[in-house]
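Hi there,

Here is the structure I promised to pass on. Have a look at it first, and then read on for my notes.

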Amino acid sequence: MIRIMHKVMQHAGKYKTRIRCSYISALIKGIMMKMPMFMCLYAISLFMEGKMDEKKCLFIGLAVLTGVILQAVFEHVTNVLQSAAGYMVFSDMRLKLGEHLRKLPMGYFTEGNMGKISTVLATDMVFIEEICMPVLAELVTFLISQGLMVLMMFFLDYRVGILSLVVIGAFILIGHLMMDTTLKHSKLKQKAAETLSDSVIDFAEGMGIIKSYNLLGEKSKSLTKQFEESCDKNIAFEEDYGPWNIAMNMTYGIGTALILALSAFLYLRGSITPVYFVSVVFLLFDLFLAIKAFYGQMARLTVTSASLERIDEVFEEVQLPDEGKEVLPEEDTYVGNEIEYDNVTFGYTDKDILKNVSFEVKKGEMVALVGPSGGGKSTIASLIARLWDVKDGAIKVRGVDIKKVPMSNLMDNISIVFQRVYLFQDTVYNNIAIGRPEATKEEVTEAAKKARCLEFIEKLPEGFDTVIGEGGASLSGGEKQRLSIARCLLKDSPIIILDEATASVDADNEKAIQEAINELVVGKTLIVIAHRIKTIKNANNILVISDGKICEEGTHEELVKLGGIYKSFVDKSA
Ligand code: ADP
């Protein structure tokens, strides 16, 4: 519990004092809770000894009333302080996490971590803010209540006090074993939930493909299996946890019986007075309630450690350093290569994907990357936009190593047209304006026109103000492509990385997309992952990429003459 409190404190930032105050308030509440009981005990002893009078009766009555009122007041204060602090801490933490995720390399988002991110945001943080924070304060109350009860037992008779401590020891032992079981299962349960979350995201995102390839049965079978696994893990937890819960209840029963037996024995031997015996019996049924409730709540909290660990794991992911201070030289004044790949080696994992790749792109040139699938074309293109950092060598834009350039400056200079277009659930206008938020309405309209979007936008129910469905569901693939090109046209950055669409669109759409691209690339430095011979032929330089290396390099004519991989590719496409 202390560890969890400490960890929560580490994340609490500016709300530390507030949380500490809530613990103090919970502590006072715990003391106040016991006040009526101790006063009743006092009253019983006075009656039995025949010492009760009106003044004492009034005092006891007032003390009970004060205890009840203060308990309510401190309960309210604790709730307000603790619950609000939970929401505040996690609202800040979500913003911090968003900022952190923004700075992670792209690889993090494609390595099956989407499930983890959604679990951290949707389950872990919600669990801690809604359940853990209020429960922590409650635990403080339980602890203080339990402490007071044991102290009272010592006050009545030291032997009864010692036996109470022994029973508490048994509770602690069983409680720890119970928590170990919960912790072990919570990790497995959480892993299953993450995998399930990943699969559901995958299933939903890939619905189009799943349906078109008739994989619905197969994919939903694997998803059903994941659901079953998650269900099995939950049942296994209940099966393992159940016996500990029973043991806890038994300790409570046996402990209470032992205290009763001991005090009866002491009373019969005349070691304690009748008043003390009645007092023990009076307190007995409340004696171990607090520690029992404590472990009942602790079991819920063991998940907190795992949740906090997972939150830490996401925060510990190494960000792409963005400490560069060198601003790229203006493209109009710079003489030299626009892009330079200087002996670059890179791998997503320990395995190198690109090996000592070097090439140059002059300003205004178009370079086509061609070659077999999996050869490394997309990797080469993404590294220029610094979606990942190279392992060895350097990538330079206008002579400056991109690691030394502020990310925002680099991004101002580069636009990427991905094959897979992502549109935000926002208006058509805003989806284009993202390219350059400060653009005027005329500029946005002009970009839409150049990207051959105007015609279909005007047909939409509310034109530019039409909200696109999540993921751009209400537009055709070709229309989405053109919208993303309009975005880039508006951004008007000097370098463009283009992943040519492989999916076949109808002839009209293809023509419109080609026209949009033609508008986009005028006067730009262009790197195209090319699939169409027509595009490739126009390139100033063609790099044939296979197995992470440049195997052939030259113009279309030169490479055809060479009679290598490129030639056979051209022959196949003919
Ligand atoms: P191409 O664009 O030529 O088809 P890629 O650059 O996409 O090739 O892929 C090159 C190699 O890198 C392949 O073996 C691919 O499996 C691997 N790869 C691509 N992206 C990732 C990634 N995000 N994580 C791990 N490996 C990847």
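Is Arg436 buried or partly exposed? Arg436 is partly exposed, with a relative accessible area of 24%. Please keep in mind as you read that this is a predicted model.

Since we are already at Arg436, let me start with the salt bridges. Arg436 pairs with Glu443, and the closest N and O atoms of the two are 3.6 Å apart. Glu443 is partly exposed as well, at 32% relative accessibility.

That pair belongs to a longer list, as the structure holds 20 salt bridges. One of them joins the side chains of Lys34 and Asp286, with 3.1 Å from N to O. Lys34 sits in helix H2 (residues 16-48) and Asp286 in helix H8 (residues 274-287), so this pair ties together parts that are 252 residues apart in sequence. Lys34 has a relative accessibility of 7% and therefore counts as buried, the cut-off being under 20%.

Another salt bridge runs between Arg310 and Asp124, whose closest N and O atoms are 2.8 Å apart. Here the partners come from helix H9 (residues 289-316), which holds Arg310, and helix H4 (residues 114-156), which holds Asp124, so parts that are 186 residues apart in sequence are tied together. Arg310 and Asp124 are both buried. Finally, there is a network of salt bridges that links Arg452, Lys511, Glu515 and Glu519. You may like to display those four side chains together.

Now for the ligand. There are 12 residues around the ligand, and those that come nearest are Gly374, Gly376, Lys377, Ser378 and Thr379. By residue type, this shell divides into four nonpolar, seven polar and one charged. Three contacts with oxygen atoms of the ligand are worth a look on screen:

- Gly374 places a backbone N or O atom 2.7 Å from a ligand oxygen.
- Gly375 also uses a backbone N or O atom, at 3.2 Å from an oxygen atom of the ligand.
- Lys377 takes part through its side chain, where an N or O atom is 2.9 Å from an oxygen atom of the ligand.

Taken alone, the ligand exposes 560 Å², and the protein buries 64% of that.

Next, some notes on individual helices. Helix H15 covers residues 477-491, which makes 15 residues. From its first C-alpha to its last, H15 reaches 21 Å, close to the 21 Å expected at 1.5 Å a residue. How many residues of H15 are buried? The count is 13 of the 15, so H15 is largely enclosed by the rest of the structure. Just after H15 comes Asp492, which takes a positive phi of about 55 degrees.

Helix H5 (residues 158-205) contains Thr181. Thr181 has 10% relative accessibility and counts as buried. The side chain of Thr181 also makes a polar contact, at 3.1 Å, with the side chain of Trp244.

Back to the backbone for a moment. Most residues other than glycine have a negative phi. Against that background, two further residues caught my eye. Asn356 is not a glycine, yet has a positive phi of about 45 degrees. Asn356 is found in strand S2 (residues 354-362), and at 52% relative accessibility Asn356 counts as exposed. Arg386, again a residue other than glycine, has a positive phi near 55 degrees. Arg386 lies in the loop between helix H10 (377-384) and strand S4 (392-397). At 2% relative accessibility, Arg386 counts as buried, whereas Asn356 is exposed.

One last residue to visit is Phe424. You will find Phe424 in the loop between strand S6 (414-417) and helix H12 (428-433). How far apart are Phe424 and Ile434 in space? Their C-alpha atoms are 9.7 Å apart, with the two positions 10 residues apart in sequence numbering. As for its surroundings, Phe424 has 40% relative accessibility and counts as partly exposed.

If you open the model with a few minutes to spare, I would visit the ligand contacts of Gly374, Gly375 and Lys377, and then the salt bridge of Lys34 with Asp286.

Happy browsing, and best wishes

Terms used. Residues are numbered from 1 along each chain as its sequence is written. This is a predicted model: local features need pLDDT of at least 70, side-chain atom pairs count only at pLDDT 80 or more; totals for chains, interfaces and linings use all residues. Side-chain values use heavy atoms; hydrogens and water are left out. A residue is near a molecule or strand if one of its heavy atoms lies within 4 Å of it. A polar contact is a pair of N or O atoms within 3.5 Å; within protein, one must be able to donate a hydrogen and the other to accept it, and residues adjacent in sequence count only if both atoms are side-chain atoms. Accessible areas come from the Shrake-Rupley method with a 1.4 Å probe; for residues, only the protein chains shown count as cover. Ala, Val, Leu, Ile, Met, Phe, Trp, Tyr, Cys and Pro count as nonpolar, Asp, Glu, Lys and Arg as charged, and the others, Gly among them, as polar. Helices (H or I, at least four residues) and strands (E, at least two) are DSSP runs, numbered from the N terminus. The expected span of a helix is 1.5 Å times one less than its number of residues. Buried means under 20% relative accessible area, exposed over 50%, partly exposed in between (1.4 Å probe, protein chains only).
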